[in-house]
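User: Here's one I'd like your eyes on. Please pick a single part and walk me through it slowly, along with whatever it leads to.

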Amino acid sequence: MIDMEYKRITLLCGHYGSGKTNVAINMAFDINKSYENVVIADLDIVNPYFRTKDSAKELEQNGIKLIASEYAGTNVDIPALPAEMYSLTDDKSARAVIDVGGDDRGALALGRLSPAIIEENDYECLLVINKFRPLTPDAESTLEVMREIENAGKIKFTGLVNNSNLGEETSASDVLGSVEYAKRVSEITGLPIKCTTVNKKLYNELCGKIENIFPLSLQKKIN
């Protein structure tokens, strides 16, 4: 299992359906093992299928603060962000994980925080990639998505998270088959692969076969 080194702020961005929300939640729990003041923020301005708020109970039980729109998890689709989001850059004592909205549209909200984040310079901005999504099946299309997000969010990526998966149907061979894709994305972007995520159920099968494995507990959707 990888021993991740975290900056004060960890940003997770990616194409819709890349699985960035699930990665963000798992990283928040991982950071919480070493730090007391941990915050996770959902900057999505639309209502995707999975939201950080679906894990609100588990986050609260572990003492992790959640910042999310009051409309998250509802049928109301209002592009509103809570004023609390500015505490992410103001409170330097907190370790923050930020789940940024999908693609360039969702990354626009990040543009409000990026100047302060860049000025502090204690952050990782990670692109979550998934070769099994229709619009990012290869490195070249993934690079296009990356550039769109960077332009909208006004911040450069510092690394990659290979989260190539097919949900509960993901097999060990699916993950192994994504390694060359991730390496190619790394090659053409110049960004290091920080980790390759796997369902915890596949960890023992893949341990030693892939570098920097990060085991995930899969988030459950609350209806």
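Analyst: Burial first: a residue is buried at under 20% relative accessible area, exposed at over 50%, and partly exposed in between, using a 1.4 Å probe and protein chains only. Helices (H or I, at least four residues) and strands (E, at least two) are DSSP runs, numbered from the N terminus. This is a predicted model, so to speak only of what it supports, local features need pLDDT of at least 70 and side-chain atom pairs count only at pLDDT 80 or more, while totals for chains, interfaces and linings use all residues. Residues are numbered from 1 along each chain as its sequence is written, and side-chain values use heavy atoms, with hydrogens and water left out.

Let's take strand 1, residues 9-14. Six of its six residues are buried, so the strand counts as mostly covered. Ile9, Leu11 and Cys13 point one way, Thr10, Leu12 and Gly14 the other way, and both sets are buried.

Who are its neighbours? Strand 1 pairs in the parallel sense with strand 4 (residues 95-99) over four bridges, and six bridges join strand 1 to strand 5, again parallel. Two strands pair here if DSSP finds at least two bridges between them. For a couple of handles, Ile9 has Ala96 of strand 4 as its bridge partner, and Gly14 has Val128 of strand 5.

Cys13 leads to a cysteine check. The whole structure has zero disulfides, a disulfide being a pair of cysteine sulfur atoms within 2.5 Å. Cys125 is in none, and its nearest cysteine sulfur, that of Cys13, is 4.2 Å away. Cys125 is buried at a relative accessible area of 1%, and Cys195 is buried too, at 0%.

Just ahead of strand 5 (123-129) comes a loop from helix 5 (114-120), and Asn121 lies in that loop. Asn121 has a positive phi of about 60° although it is not a glycine. Most residues other than glycine have a negative phi. At 58% relative accessibility, Asn121 is exposed.

Past strand 1 in the sequence is helix 1 (residues 20-31), where 11 of 12 residues are buried, among them Val23, Ile25 and Met27. The helix reaches 16 Å from first C-alpha to last, close to the 16 Å expected, taking 1.5 Å times one less than its number of residues.

How far to trust it? pLDDT, the predictor's confidence in each residue from 0 to 100, averages 89, and 90% of the residues score at least 70. Residues 72-79 stay under 50.

How values were computed:
Contact = heavy atoms within 4.5 Å.
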